[in-house]
Amino acid sequence: MFTLVVTSHGRWDYLDRAMDSVSHLSFDRTILSFDGVEPWDVRPDAPATILNTGPKRQGLTANLAQAWGALTTEDEWVFHLEEDFIVR
């Protein structure tokens, strides 16, 4: 299974651009991991597992641990994207 893992801490403009930059790619599963913010409005055509560290920011390490901790043995290939990454 090809899985997209995206970490964010609420920079929505950047997240929109990052997600648009991979919209031409095909993933079987998407994990969106947020740190201390209300989850982003996920597009209905892209079902995703939504994770949140809670109402208070815990930091990058906690967000990464949360995101990667949600992976299973079925997630054979993982593409990690942070909200300010652009794929060209």
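The paragraphs below walk through a predicted model, beginning with its sheet and moving on to its cores, its aromatic contacts and one loop residue.

The sheet is a good place to start. Four strands form an open sheet in the order E3-E2-E1-E4, and their pairing is parallel. At the edges stand strand E3, residues 49-52, and strand E4, residues 77-82; each has a single partner strand, so one side of each is left without a neighbour in the sheet. On average, and with direction ignored, neighbouring strands of this sheet are turned by 15 degrees against each other.

Within this order, strand E1 (residues 2-8) pairs with strand E2 (residues 29-34) in the parallel sense, over six bridges. Two positions help to locate this pairing in the structure: Thr3 stands opposite Arg29 in E2, and Val5 has Ile31 of E2 as its bridge partner.

Strand E2 also deserves attention for its surroundings, since six of its six residues are buried. In a regular strand the side chains alternate between the two faces of the sheet. For E2 both faces are covered, with Arg29, Ile31 and Ser33 buried on one side, and Thr30, Leu32 and Phe34 buried on the other.

Helix H1, which spans residues 12-21, lies across E1, E2 and E4, and runs at about 165 degrees to E1. The largest nonpolar core has ten residues in all, namely Leu4, Val6, Leu15, Ala18, Met19, Val22, Leu32, Phe34, Val37 and Leu81. At least two residues of this core come from each of E1, H1 and E2, and H1 gives the most, with three residues. Apart from this core lies another, of five residues, which include Val5, Ile31, Ala67 and Ala70; Val5 and Ile31 are the bridge partners already met between E1 and E2.

Turning to the aromatic residues, a search of the whole structure finds three aromatic pairs. One of them joins Phe2 and Trp77, whose rings are stacked, at 6.4 Å centre to centre and with 15 degrees between the planes. Phe2 lies in strand E1 and Trp77 in strand E4, so this pair ties together parts that are 75 residues apart in sequence. Neither ring belongs to a residue that counts as buried, because burial requires a relative accessible area under 20%, whereas Phe2 has 46% and Trp77 has 49%, and each is therefore classed as partly exposed.

Another ring, that of Tyr14, is accompanied by charged side chains. Arg11 lies over the face of Tyr14, at 4.6 Å from the ring centre, while the charged end of Arg17 also sits over the ring of Tyr14, 5.0 Å from its centre. Both Tyr14 and Arg17 fall within the residue range of helix H1, 12-21.

The last stop is Glu74, which is placed in the loop between helix H2 (60-69) and E4. With a relative accessibility of 54%, Glu74 counts as exposed, because the cut-off for that class is over 50%. Although Glu74 and Phe2 are 72 residues apart along the chain, their C-alpha atoms are separated by 8.9 Å. Phe2 thus appears in two relations with distant parts of the sequence, through its stacked pair with Trp77 and through this C-alpha separation from Glu74.

Note on methods. Residues are numbered from 1 along each chain as its sequence is written. This is a predicted model: local features need pLDDT of at least 70, side-chain atom pairs count only at pLDDT 80 or more; totals for chains, interfaces and linings use all residues. Side-chain values use heavy atoms; hydrogens and water are left out. Two strands pair if DSSP finds at least two bridges between them. Axes are lines fitted to C-alpha atoms, for helices over the stretch in contact, and angles run from 0 to 180 degrees between N-to-C directions. Contact means heavy atoms within 4.5 Å. A nonpolar core is a set of buried Ala, Val, Leu, Ile, Met, Phe, Trp, Tyr and Cys residues joined through side-chain atoms within 4.5 Å. Buried means under 20% relative accessible area, exposed over 50%, partly exposed in between (1.4 Å probe, protein chains only). Rings of Phe, Tyr and Trp (its six-membered ring) pair if their centres lie within 6.5 Å; planes under 30 degrees apart count as stacked, over 60 as edge-to-face and the rest as tilted. A charge sits over a ring if NZ of Lys or CZ of Arg is within 6 Å of the ring centre and within 35 degrees of the ring normal.
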